[in-house]
Amino acid sequence: MNTYMSHSGGSNKNILLTSVFGPFAQDDEYGSRTINPMELFHNQVTREQGPFSLRMFHPSFGLLMIMENISAPCTLLDFPDLERFIEEITTKKYDIIGISSIIPNVGKVKKMCEIIREHQPGATIVVGGHVANIRDLGSRVDADHIVRGEGIRWFRRFLGEDENAPVKHPAVKSAMDARIVGMTLRDKPGDVAGILIPSVGCPMGCNFCATSHLFGGKGKSVNFYETGDELYTVLCDLETKLGVRSFFVLDENFMLNRKRALRLLELMKINAKSWSFNIFSSARVIQSYNDEDLIRLGVSWIWMGLEGQGSQYTKLDGIDTKALVKHLQSLGIRVLGSTIIGLENHTPENMDDAIDWAVDHATVFHQFMLYTPLPGTPLHAEHARAGTLLSEEECPIADTHGQHRFNFRHPFIRNQDETEFLRRAFVRDFQVNGPSLLRLIRSMLMGWQRLKNHPDPCVRDRAKWEFEPITATYAAAVRAMKIWYRHDEAMYREVVGLLKGLYSEFGIRTRMIAGLLGPLLYLAMRREEKRLNAGWTREPEARYEKNAAALALESGESLAATLTKKAARVKESLAVSPRPEIETPLP
Ligand code: SF4
């Protein structure tokens, strides 16, 4: 099924790329689960933080990358519900329909293929994303092609286009509809980081890592941009088109390519760029850079695997992760630590120690995930060989997302006790370290104090725009926390200490804003708490976009005329919404 035969007349074919359908935050027969909403942070990082949970949606970047890099007419439908998907394929004719999905949503892919066959029997169905790693996917869904790994090259080859052409980067914001403490954050140009995707895959090849193994596993990755010069050009383009200076770098181990990162740094210095980057990095790699390089490059936020005390991973060999996190956060670099619950050596007896070890890092954010052998990984192969994988009758595939239960027989943890251990980890992190928002503001204050008098004007400039929110709205959030935690002595002390630090650093203006807005934010938090207790959930809004070729096809105009109009619209939107003073320093 995984054929690479070219689709004849490829570039004239009308293509629809779609994610699977929602709603997502509910239990249903297609594989949605309440515990597995489409909000990355609320799903697996801040899920037990109530109104303090950071909630936002991220577009399907893989589909956006493919759309940007084919010249055939292409329409993107992201997060439709079932009715919207049916409407799309019953009112428009497509030659090729591509569906992207994660493994637990395989039931949705099956349903979508059935609907396509019914309404558009002539369409070629292509399925990709993590779901493609299910070895017998071809017998589960009625697709014509299953694409494992990187999709741009596959689609170009399939359409008869030049698969080696340079990769164009879409200009897209990293997140939408962000919400915290009962308030929806601004969603205008410049408010949210732009997305940057330099590479996919990670050569470290950790045994459980589905992303690494989707793109080749140990020793392998796919670089869309090989050099710092190429990256710099892309970043300048994103800066202009999106009006942003901060970038969410969707690359599993961005700084691993040292030559590329250091050349980017060099170009930023030459051209006096004051950018900031939210990145993913392994501990050993980030430790190999000196502080000044991290600061000047603008590394401001790192998602880092801590995995577990004494875990087998070489990326953590000999690294004192607690000291590393403390040091990074003292530079204003916010760390999101990621810990696995249910490693081979975990038992009901040592689980509390394992959780305490993780919580003791006091990272700004903390992700906890169950050890989960996913198809395509060495961990899955190992369990398959040992006969310790649960059957789908015992654990439905829709539950194999790492936030609910094991899909294998753990040597020591039984009776689905892992569900409670996982919950306990989130709760303890919240109880001991407080809301991530509090920790974020504390780290930003340290960063401001460290960088405000830095000798490099670009670093001072970044410190000014990146940490500006703690002088106003974020200070008000701390003031609201003071009311929230008035009956919790330990947390109250923390909050008051931070508030004093903010007032003494930023003075009367900050004190006044916090005094005025804080009580209002407190009320918003109370309202949010009520909504949450009543079972309120959030769903992403459907996105619908067409590339220039699809717009031209629809309007009957020439492609050149459509491109000129599109460029004028971008220019106009930037003129109407100049970069604001305050950018949201959230990923
Ligand atoms: S270092 Fe992180 S991204 Fe890389 S393989 Fe390991 S878990 Fe995956």
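Colleague: How do the residues of the shell around the ligand divide into nonpolar, polar and charged?

Modeller: This is a predicted model, where local features need pLDDT of at least 70, side-chain atom pairs count only at pLDDT 80 or more, and totals for chains, interfaces and linings use all residues. Residues are numbered from 1 along each chain as its sequence is written, and side-chain values use heavy atoms, without hydrogens and water. Around the ligand (a heavy atom within 4 Å of it) are residues including Cys202, Phe208, Ser212, Glu252 and Lys315. With Ala, Val, Leu, Ile, Met, Phe, Trp, Tyr, Cys and Pro as nonpolar, Asp, Glu, Lys and Arg as charged, and the others, Gly among them, as polar, the shell has 5 nonpolar, 2 polar and 2 charged residues.

Colleague: Is lysine 546 buried or exposed?

Modeller: The side chain of lysine 546 makes polar contacts (N or O atoms within 3.5 Å, one able to donate a hydrogen and the other to accept it; residues adjacent in sequence count only if both atoms are side-chain atoms) with the side chains of threonine 75 at 3.0 Å and tyrosine 544 at 3.4 Å. Because its relative accessibility is 14%, against a limit of under 20% for buried (1.4 Å probe, protein chains only), lysine 546 counts as buried.

Colleague: Which residues touch the most other members of the largest nonpolar core?

Modeller: A nonpolar core joins buried Ala, Val, Leu, Ile, Met, Phe, Trp, Tyr and Cys residues through side-chain atoms within 4.5 Å. The largest one has 144 residues, and those touching the most other members are Met255, Leu264, Phe277 and Ile470.

Technical notes
Buried means under 20% relative accessible area, exposed over 50%, partly exposed in between (1.4 Å probe, protein chains only).
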